[in-house]
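Subject: Structure for your files

Hello,

Here is the structure you will be working with. My notes are underneath.

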Amino acid sequence: MDSPDVTAITKIVKKVGTEFESASDEDISFWIGLQAPVISKKKFSADYNLAVALLVCHAMKMAGNGDSSLGTIANTGRLASVSEGGVSISFATSTAGTTGDAEYQLTSYGLQFISIRNRHIVPIMIR
């Protein structure tokens, strides 16, 4: 298995996930080591570095890194909207999807990863 291009992926993480631009390269490299084996370099081809970077951003966000102005992901995962004047907080009815992608659906990075994955990997439909 080819090793991921840590330098290129780190650069993408800091550009795409601007909330992580102050994270150390060492921390990002740690997350790359955890996420890179999850996906196939062959299947994702030219989008491999971006896909890994999105998974890294997603995992870092789920771990409580990055912008937490509304609280941790554990506290805001079901949050649908927040208002300030007159105080209004709405919650989503469910964070669980039926596709097995429920965790990815909790962050914008996870949703972007799903979009890229769907371009490269066509699921088998069983009726």
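Below are notes on the core, one helix pair and the salt bridges.

This is a predicted model, in which local features need pLDDT of at least 70, side-chain atom pairs count only at pLDDT 80 or more, and totals for chains, interfaces and linings use all residues. Residues are numbered from 1 along each chain as its sequence is written, and side-chain values use heavy atoms, without hydrogens or water.

The largest nonpolar core (buried Ala, Val, Leu, Ile, Met, Phe, Trp, Tyr and Cys joined through side-chain atoms within 4.5 Å; buried is under 20% relative accessible area, exposed over 50%, partly exposed in between, with a 1.4 Å probe and protein chains only) has 23 residues. Val13, Ile39, Val52 and Val56 touch the most other members. Helix H4 (48-62) gives the most, ten residues; helices are DSSP runs of H or I, at least four residues, numbered from the N terminus.

The axes of H2 and H4 (lines fitted to C-alpha atoms over the stretch in contact, with angles from 0 to 180 degrees between N-to-C directions) come within 9 Å and cross at roughly 110°. H2 is therefore roughly perpendicular to H4 (65 to 115 degrees).

There are four salt bridges (a Lys or Arg side-chain nitrogen within 4 Å of an Asp or Glu carboxyl oxygen). One of them joins glutamate 19 and lysine 61, at 2.9 Å between the closest N and O atoms. Glutamate 19 is partly exposed at 24%, whereas lysine 61 is buried at 17%. Another joins arginine 117 and aspartate 101, at 2.7 Å. Arginine 117 is buried at 19%, and aspartate 101 is buried at 10%.

Regards

Key:
Helix = DSSP H or I, 4+ residues; strand = E, 2+ residues; numbered from the N terminus. Parallel < 35°, antiparallel > 145°, perpendicular 65-115°, else oblique.
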